[in-house]
Amino acid sequence: MTLYRTMYETILVPTDGSEQAAAAIPHAFDLAKTYGATVHALCVVDRAATRQLAPTKAESTMEAVAEEAERATREIADRAAEAGVDCVAVVEEGAPDDTILKYVDEHDVDMVVIGGRKRSATGKLLFGSVTQSVVLQADVPVTVAAVGPMLLSTIPGEPTTAVGAEIRCDSAS
């Protein structure tokens with residue numbers, strides 16, 4: 001039986017700058033305040049997404065994507081400073097899911113708080129491929145904060161559970 005630390009020192013918030021990713025921010029900040037943890041805001045720039053473009057177009061597109069990644073992580077860092085939370089803003093290049101999982105390992109991340117999407121009238125939570133990959137492969141607890149009234153938490157080796165089904169994740173917080 002593996003024992004997990006009950007205190008978190010490093011909390012990773014992967015972002016792509018979307019509303020879904022932003023849903024994770026208030027939860028990560030709450031956890032960071034509770035445990036005195038540092039939030040790591042990580043945006044992954046996926047160069048593979050531009051492989052079909054002409055080289056000059058691909059380079060200008062990558063520059064724009066890198067600028068957006070810097071903006072997204074800087075915005076989280078600014079919000080963290082306002083909230084009194086320590087934050088490290090990082091932009092890396094690679095496949096998003098692999099890069100997130102590698103970052104977890106290399107930076108001794110204790111928990112990942114990641115955004116997801118809630119869809120359909122029946123309330124099924126459908127993860128994007130990156131979120132799903134992180135939930136299924138991470139060796140640390142993962143909390144999925146969805147836009148809408150759903151928050152999921154996972155602990156490796158334990159069943160995924162819905163927590164606080166009435167919690168409304170609002171990226172404007």
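Me: What area does the protein expose, and what share of it do carbon and sulfur atoms supply?

Reply: The protein exposes about 9,500 Å², and carbon and sulfur atoms supply 50% of that area. Accessible areas come from the Shrake-Rupley method with a 1.4 Å probe, and for residues only the protein chains shown count as cover. This is a predicted model, in which local features need pLDDT of at least 70 and side-chain atom pairs count only at pLDDT 80 or more, while totals for chains, interfaces and linings use all residues. Residues are numbered from 1 along each chain as its sequence is written, and side-chain values use heavy atoms, with hydrogens and water left out.

Me: How many helices and strands are there, and in what order do they run?

Reply: The protein has five helices and eight strands (DSSP runs numbered from the N terminus: H or I of at least four residues for a helix, E of at least two for a strand). From the N terminus on, the order is β-α-α-β-α-β-α-β-β-α-β-β-β. Of the contacts with a separation of 6 or more, 67% join residues 24 or more positions apart (contact means heavy atoms within 4.5 Å).

Me: What part of the protein counts as buried?

Reply: Of its 173 residues, 40% count as buried (under 20% relative accessible area; exposed is over 50%, and partly exposed lies in between, with a 1.4 Å probe and protein chains only). V13, in strand β1, is buried at a relative accessible area of 1%. Leaving aside residues up to four places away in sequence, V13 touches A24, I25, A28, V39, H40, A41, L42 and V113. The C-alpha atoms of V13 and A24 are 7.0 Å apart, although their positions lie eleven residues apart in the count along the chain.

Me: Which residues of the helices α2 and α4 are buried?

Reply: An α-helix has 3.6 residues a turn, so residues three or four places apart point the same way. In α2 (residues 25-35), the buried residues include I25, P26, H27, A28, F29 and A32. In α4, T99, I100, L101, Y103 and V104 are buried.

Me: What is the phi angle like after each of these two helices?

Reply: Most residues other than glycine have a negative phi, and most peptide bonds are trans. G36, which follows α2, has a positive phi near 70°. Just after α4, D108 takes a positive phi of about 50°, although D108 is not a glycine.

Me: Are D108 and D110 buried or exposed?

Reply: D108 sits in the loop between α4 and β4 and counts as exposed, at 58% relative accessibility. D110 is found in the loop between α4 (96-106) and β4 (111-118), but D110 is buried, with a relative accessible area of 7%. The side chain of D110 reaches the backbone nitrogen of E9 at 2.7 Å.

Me: Which elements line the largest pocket?

Reply: At least two lining residues come from each of β1 (10-15), α1 (19-22), β2 (38-45), α4, β4 and α5 (129-137). β4 gives the most, with four residues.

Notes. A polar contact is a pair of N or O atoms within 3.5 Å; within protein, one must be able to donate a hydrogen and the other to accept it, and residues adjacent in sequence count only if both atoms are side-chain atoms.
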